[in-house]
Amino acid sequence: MQSKPKSFFDASWITPALGFSSLLIVVLTFVFTFTAQPDVQQGFLTRILPLHVPASWLAYLSFGMTAVYGLAYLITRRNHFDRLSASSAEIGVVFIVLSLFTGALWGRPTWGTYWQWDARMTTTLLMFMVYVGMLMVRGIIDDPARRARVSAVIGVVASVGVPINYMSVYWWNTLHQTPSLSVAAKHSSLANPGILIAFLLSLLGFTVLYIYLLRLRGQIALRVSDLESEEIEMQLGSMKVAQ
């Protein structure tokens, strides 16, 4: 019997294709970044921006989608959305650490210190702590339904921090500069064409990377969930036999 041909949208090739695409774009980003001429004002420091800003953007995207998937779980009670919400939060934590690290590297020669209790940096650190706390809560709750419900509520409420963090440079007297590129304000501080191209490529590459990591982590979470369900069924079976 001839097997049915796979759909064009079959997940078996989408995930590796996303991974390859993100890798290709990131490589191109580094090529433009390290071949660009030094900036007139910041010199070679601008080479950190194609990594720092997209890392911050990916953290925003990840935490925003954590809330979206969490809300979807609260409405539908589908475990699929809980897995995606948790996976997105994990990705966000990784990239917010990258944002803090690269920001510190940029701040040392610019401000003379790796860290200041600036509004942007402080709210970024608070976001990191909140989402780490969310993941810790998931780790200490054994009941899958309760774990999903509690973490979904935390994810939805914590998402308020994303717009606060972004707008902090406008609302408070902050040391951190305003966005390097703002489409709404038609403003860009990236005068160097090479850095600007690298910056835009990096935004695209990191977005594709998020989708790739979300699919990959979601697939792993599904397998873990299946193992957890099998373990619960075995425990229930053992209890029935004991009775």
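Which side chains meet in a salt bridge of 2.8 Å, N to O? The legends below begin with the overall view and then turn to this pair and to other close-up views of the model, which is predicted.

**Figure 1. Overview of the protein chain in the predicted model.** The protein chain contains 7 helices and 2 strands. Along the sequence, these elements follow the pattern α-α-α-α-α-α-β-β-α. Of the 243 residues in the protein chain, 39% are buried. When contacts between residues at least 6 apart in sequence are considered, 74% join residues at least 24 apart.

**Figure 2. The salt bridge between Asp82 and Arg138.** The side chains of Asp82 and Arg138 are the ones that meet at 2.8 Å, N to O. Asp82 belongs to helix α3 and Arg138 to helix α4, so the pair ties together parts that lie 56 residues apart in sequence. Both partners, Asp82 and Arg138, are buried. A search of the whole structure finds 2 salt bridges; the other view of such a pair follows.

**Figure 3. The salt bridge between Glu90 and Arg217.** Here the side chains of Glu90 and Arg217 meet at 2.6 Å, N to O. Glu90 is located in helix α3 and Arg217 in helix α7 (residues 193–242), so this pair ties together parts 127 residues apart in sequence. Glu90 is partly exposed, with a relative accessibility of 27%. Arg217 is likewise partly exposed, at 27% relative accessibility.

**Figure 4. The surroundings of Arg120, a buried residue that has no salt bridge.** Arg120 is placed in helix α4 (residues 119–140). The nearest side chain of opposite charge is that of Asp118, which is 6.3 Å away; a salt bridge would require a nitrogen and a carboxyl oxygen within 4 Å. The side chain of Arg120 does make a polar contact of 3.3 Å with the side chain of Ser168. With neighbours within four places in sequence left aside, Arg120 is in contact with Tyr60, Asn165, Tyr166, Ser168, Val169, Thr174 and His176.

**Figure 5. The tyrosine cluster of Tyr60, Tyr166 and Tyr170.** These three residues, Tyr60, Tyr166 and Tyr170, are linked into a cluster by ring pairs. Tyr60 and Tyr166 are also among the residues in contact with Arg120. Both Tyr166 and Tyr170 lie in helix α6 (residues 161–171), where they are 4 residues apart, about one turn of the helix. Tyr166 is partly exposed, with a relative accessible area of 32%. Tyr170 is also partly exposed, and its relative accessible area is 41%.

**Figure 6. The aromatic pair of Trp106 and Trp111.** A pair of aromatic rings is described by the distance of the centres and the angle of the planes. The structure holds 9 aromatic pairs. In one of them, formed by Trp106 and Trp111, the centres are 5.3 Å apart and the planes stand at 90 degrees, an edge-to-face arrangement. Trp106 is buried, with 9% relative accessibility, whereas Trp111 is partly exposed, with a relative accessible area of 23%. The pair of Tyr166 and Tyr170, by contrast, is tilted, with 6.5 Å from centre to centre and 55 degrees between the planes.

**Figure 7. Arg108 over the ring of Tyr114.** Arg108 is positioned over the face of Tyr114, at 5.7 Å from the ring centre.

**Figure 8. The backbone at Arg77.** Most residues other than glycine have a negative phi. At Arg77, however, phi has a positive value, near 60 degrees. Arg77 is found in the loop between α2 (49–76) and α3 (79–111). Its relative accessible area is 44%, and Arg77 is therefore partly exposed.

**Figure 9. Ser22 and its partners from a distant part of the sequence.** Ser22 is situated in helix α1 (residues 11–35). The relative accessible area of Ser22 is 3%, so this residue counts as buried. Although Ser22 and Tyr210 are separated by 188 residues in sequence, their C-alpha atoms are 8.9 Å apart in space. Beyond its neighbours within four places in sequence, Ser22 is in contact with Gly205, Val208 and Leu209.

Terms used
Residues are numbered from 1 along each chain as its sequence is written. This is a predicted model: local features need pLDDT of at least 70, side-chain atom pairs count only at pLDDT 80 or more; totals for chains, interfaces and linings use all residues. Side-chain values use heavy atoms; hydrogens and water are left out. Buried means under 20% relative accessible area, exposed over 50%, partly exposed in between (1.4 Å probe, protein chains only). Lys and Arg count as positive and Asp and Glu as negative; His and the chain ends are not counted. A polar contact is a pair of N or O atoms within 3.5 Å; within protein, one must be able to donate a hydrogen and the other to accept it, and residues adjacent in sequence count only if both atoms are side-chain atoms. Contact means heavy atoms within 4.5 Å. Rings of Phe, Tyr and Trp (its six-membered ring) pair if their centres lie within 6.5 Å; planes under 30 degrees apart count as stacked, over 60 as edge-to-face and the rest as tilted. A charge sits over a ring if NZ of Lys or CZ of Arg is within 6 Å of the ring centre and within 35 degrees of the ring normal.
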